[in-house]
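User: Please take a close look at one part of this model, the enclosed space inside it. Then relate that part to the rest of the chain, and give the cut-offs behind each term.

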Amino acid sequence: DLGKAHINGEETQMTQGLYGVVLHSENRAEREEWFKGLYQAYIKMVDTITQTYYGNVKKDVFYKTAKKYDSCLAMALDGEDVSPVVYDNLIKAVHEALPSLHKYISLRKQILGYDEQHMYDIFAPLVKGTDLRLPFDEAYELVVKGLAPLGKEYQELLKKAHDERWID
């Protein structure tokens, strides 16, 4: 049970699904309330999470040594038939892109007029009054139309998902 929090001023039961909705809202106080409420559960378990992670690292080091791999990374990627060079190149590319990400976050902070930017501000809309809400059926029909350029097969799969109720 995640507890209760506010959406548009009304108290409601917190859920993971609604959390994603609130993170995109213009209401910073509600975004903060939901962020702190959701992550409070993780904060309460930080020691358990840390010990579990530590145990997994020790296990990986043991297996790496027992199986005579050069590193835990080499062992993890071996079953995927991927060279550690691919992973290293990915990390390098991410590091090279970090200045652009930092600039983007800084610009968001400036546009939103915040002294401090928090994780719950990352998805806040940059333009006011852009909250688009559609009834499910109307949104569904828009998506079906949007799939038209990809062919009937995609539209039929979406219709099947809708009719068999494995989409929401």
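Analyst: The lining of the largest cavity consists of three nonpolar, two polar and two charged residues. In this classification Ala, Val, Leu, Ile, Met, Phe, Trp, Tyr, Cys and Pro are nonpolar, Asp, Glu, Lys and Arg are charged, and the others, Gly among them, are polar. The lining residues are Ile7, Asn8, Val21, Val22, Ser25, Glu30 and Arg133.

Residues are numbered from 1 along each chain as its sequence is written. The model is predicted, with local features needing pLDDT of at least 70 and side-chain atom pairs counted only at pLDDT 80 or more, while totals for chains, interfaces and linings use all residues; side-chain values use heavy atoms, without hydrogens or water.

The largest cavity holds about 50 Å³ of space, and the count of cavities of 30 Å³ or more is one. The search uses a 1 Å grid over the protein atoms alone: a cavity is a set of points where a 1.4 Å probe fits but cannot get out, a pocket is an open set with protein on both sides within 12 Å along at least five of seven lines, and lining residues have an atom within 4 Å of a point. Points are joined across faces, edges and corners, and the volume is the space filled by probe spheres set on them.

Some of the cavity residues also belong to an open site. The largest pocket holds about 190 Å³, and Val21, His24, Ser25, Asp131, Leu132, Arg133, Leu134 and Ala139 line it. Val21, Ser25 and Arg133 thus appear in the cavity lining and again in the pocket lining. By class, the pocket lining has four nonpolar, two polar and two charged residues.

Two other cavity residues, Ile7 and Asn8, lead to the hairpin. Strand S1 (residues 4–7) runs antiparallel to strand S2 (residues 10–13), and four bridges join them; strands count as paired if DSSP finds at least two bridges between them. Lysine 4 has glutamine 13 of S2 as its bridge partner, and isoleucine 7 stands opposite glutamate 10. Two residues separate the strands, and asparagine 8 in this hairpin has a positive phi near 50 degrees.

Positive phi values also occur away from the cavity. Lysine 68, not a glycine, has a phi of about 60 degrees; its place is the loop between H3 and helix H4 (72–78), and it is exposed, at a relative accessible area of 72%. Arginine 165 has a positive phi near 60 degrees, follows helix H7 (152–163), and is exposed at 75%. Buried means under 20% relative accessible area, exposed over 50%, and partly exposed in between, with a 1.4 Å probe and protein chains only.

Exposed residues are found within helices too. Phenylalanine 62 is in helix H3 and has a relative accessible area of 54%; its C-alpha is 9.3 Å from that of cysteine 72, ten residues away in sequence. Lysine 44 is in helix H2 (residues 28–44) and is exposed at 68%. From lysine 44 to leucine 150 the C-alpha distance is 46 Å, over 106 residues of sequence.

The chain as a whole has seven helices and two strands, in the order β-β-α-α-α-α-α-α-α from the N terminus. Helices (H or I, at least four residues) and strands (E, at least two) are DSSP runs numbered from the N terminus. Of the 168 residues, 16% are buried. The radius of gyration is 22 Å, against near 15 Å for a compact globule of 168 residues; it is taken over C-alpha atoms, and the globule rule is 2.2 Å times the number of residues to the power 0.38. Along the principal axes, the C-alpha atoms fill a box of roughly 55 × 50 × 35 Å.

As for confidence, the mean pLDDT is 93, with 99% of residues at 70 or more; pLDDT is the predictor's confidence in each residue, from 0 to 100. Helix H1 (residues 16–23) has the lowest mean, 90, and helix H3 (residues 46–66) the highest, 97.
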